Amino acid sequence: MTSDDMRVLGGASGEVLERAAVTFGLLASPVRLRILRALAQGESDLARLTDQVGGAPSMISQHLSALKRSGLAGVRRDGRRQVYFIKDPADVTVVRIMIERLSA
């Protein structure tokens, strides 16, 4: 562990650690990770995400709602469509690093 790691973890308030635990819990779903992987490749609407991730549109929509509430994903209107996107690319970097480590 680097000194930066120790500084961040050691200096994090209980509230920040609680929010981190909730976010990591949210990422414990393989479907949500597949959604994030799809969104990391670019913005997408529900129909396209359903095709990419698989499953029923209602299930994908529920997972998208959870990702939006957490602040990991955002949504914007494009005519009649809702287009989803990653709000902060750094969040995807954290997930990518963990997956790379597990794949090694």
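How many nonpolar, polar and charged residues are in the lining of the second largest pocket? The lining has 8 nonpolar residues, no polar residues and no charged residues. The structure is a predicted model.

## Second largest pocket

The volume of the second largest pocket is about 180 Å³. Its lining consists of Phe24, Leu27, Ala28, Leu33, Val94, Val95, Met98 and Ile99. Helix H6, which covers residues 89-103, supplies the largest share of this lining, with 4 residues.

By class, then, the lining is made of 8 nonpolar residues, without a polar or charged one.

## Salt bridges: overview

Over the whole structure, a search finds 5 salt bridges. Among them are the pairs of glutamate 43 with arginine 76, aspartate 78 with arginine 81, and glutamate 100 with arginine 96.

## Glutamate 43 and arginine 76

The side chains of glutamate 43 and arginine 76 form a salt bridge with an N to O distance of 2.6 Å. Glutamate 43 sits in the loop between helix H3 (30-40) and strand E1 (44-45), while arginine 76 belongs to strand E2 (residues 73-78), so the bridge ties together parts that are 33 residues apart in sequence.

Glutamate 43 has a relative accessible area of 37% and is partly exposed. Arginine 76 is also partly exposed, at 35%.

## Glutamate 100 and arginine 96

Helix H6 also holds a salt bridge, between residues 4 apart, about one turn of the helix: glutamate 100 and arginine 96. Their side chains meet at 2.9 Å, N to O.

The relative accessibility of glutamate 100 is 44%, and the residue counts as partly exposed because that value lies between the limits of 20% for buried and 50% for exposed. Arginine 96 is partly exposed as well, with a relative accessible area of 41%. Elsewhere, Asp45, Asp78 and Arg81 are joined into one network by salt bridges that share partners.

## Aspartate 78 and arginine 81

Within that network of Asp45, Asp78 and Arg81, the side chains of aspartate 78 and arginine 81 meet in a salt bridge of 2.9 Å, N to O.

Aspartate 78 has 35% relative accessibility and counts as partly exposed. Arginine 81, at 38% relative accessibility, counts as partly exposed too.

Technical notes:
Residues numbered from 1 in each chain as written. Predicted model: local features only at pLDDT ≥ 70, side-chain atom pairs only at ≥ 80, totals over all residues. Heavy atoms only, no water. 1 Å grid on protein atoms, 1.4 Å probe; cavity = no way out; pocket = protein on both sides within 12 Å on 5 of 7 lines; lining within 4 Å. Points joined across faces, edges and corners; volume = space filled by probe spheres on them. Helix = DSSP H or I, 4+ residues; strand = E, 2+ residues; numbered from the N terminus. Nonpolar A, V, L, I, M, F, W, Y, C, P; charged D, E, K, R; others polar. Salt bridge = Lys/Arg side-chain N within 4 Å of Asp/Glu carboxyl O. Buried < 20%, exposed > 50% of the residue type's maximum accessible area, 1.4 Å probe, protein only.
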